[in-house]
Amino acid sequence: MIDFEKAALLKLAPIDPREVADTVGPLIIPGEELRAAFKTVRDFVVFTNKRVIAVNVQGMTGKKKDFTTLPYNKIQAFSVETAGHFDMDAELDLWFSGLGRVRFEFRGRSDVRGISQLIASCML
């Protein structure tokens with residue numbers, strides 16, 4: 001599960017959503033589409049057209065996984081900080097009703113503007 005106390009994940013790097021489609025496929029509902037995916041060493045986050053799915057891979061073998069769903073319709077506000085010239089990392093903060101802030105930190109080459117447009121188009 002995401003550590004909601006610290007409200008952050010390790011720095012995420014972009015991957016092809018098809019790489020994790022088999023893992024999150026059983027959670028996907030009719031009409032839901034994978035739009036983007038990002039990965040740390042083992043954990044990953046998937047952005048669909050309906051929600052964010054954070055997957056925490058556990059145990060030595062990685063067979064045990066914790067899936068956390070964060071629906072866009074529960075977002076009250078969000079903030080995007082793009083990568084700069086010296087600070088190559090980007091951040092996305094999402095404020096959820098009843099949960100508080102969740103922060104995703106991305107490596108500089110990640111398209112956080114595209115993610116913010118996806119979130120805006122799905123929640124507004």
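**Exercise 1.** In this predicted model, find which residue of strand 4 stands opposite phenylalanine 47, then work out how strand 3 and strand 4 pair.

*Solution.*
- Start at phenylalanine 47. Its opposite residue in strand 4 is valine 52.
- Next, take the sense of the pairing. Strand 3 and strand 4 (residues 51-58) are antiparallel, with 4 bridges.
- Last, trace the connection. A hairpin of 2 residues leads from strand 3 to strand 4.

**Exercise 2.** Describe how strand 2 meets strand 3.

*Solution.*
- Count the bridges. There are 5, and the two strands run antiparallel.
- Pick a facing pair. Leucine 34 is opposite threonine 48 of strand 3.
- Follow the chain. The hairpin between strand 2 and strand 3 has 4 residues.

**Exercise 3.** Is strand 3 buried or exposed?

*Solution.*
- Check one side. Phe44, Val46 and Thr48 are buried there.
- Check the other. Val45 and Phe47 are buried too.
- Conclude. Because 5 of the 5 residues are buried, the rest of the structure largely encloses strand 3.

**Exercise 4.** Classify two of the aromatic pairs, and say which residues the ring pairs link into a cluster.

*Solution.*
- The structure has 3 aromatic pairs. One of them joins phenylalanine 38 and phenylalanine 106, with centres 4.8 Å apart and planes at 75°. This pair is edge-to-face.
- Phenylalanine 38 sits in strand 2 and phenylalanine 106 in strand 8, so the pair ties together parts 68 residues apart in sequence.
- Now phenylalanine 47 and phenylalanine 104. Their centres are 6.0 Å apart and their planes at 65°, so this pair is edge-to-face. It links strand 3 to strand 8, across 57 residues.
- Assemble the cluster: Phe38, Phe47, Phe104 and Phe106.

Technical notes: Residues are numbered from 1 along each chain as its sequence is written. This is a predicted model: local features need pLDDT of at least 70, side-chain atom pairs count only at pLDDT 80 or more; totals for chains, interfaces and linings use all residues. Side-chain values use heavy atoms; hydrogens and water are left out. Rings of Phe, Tyr and Trp (its six-membered ring) pair if their centres lie within 6.5 Å; planes under 30 degrees apart count as stacked, over 60 as edge-to-face and the rest as tilted. Buried means under 20% relative accessible area, exposed over 50%, partly exposed in between (1.4 Å probe, protein chains only). Two strands pair if DSSP finds at least two bridges between them.
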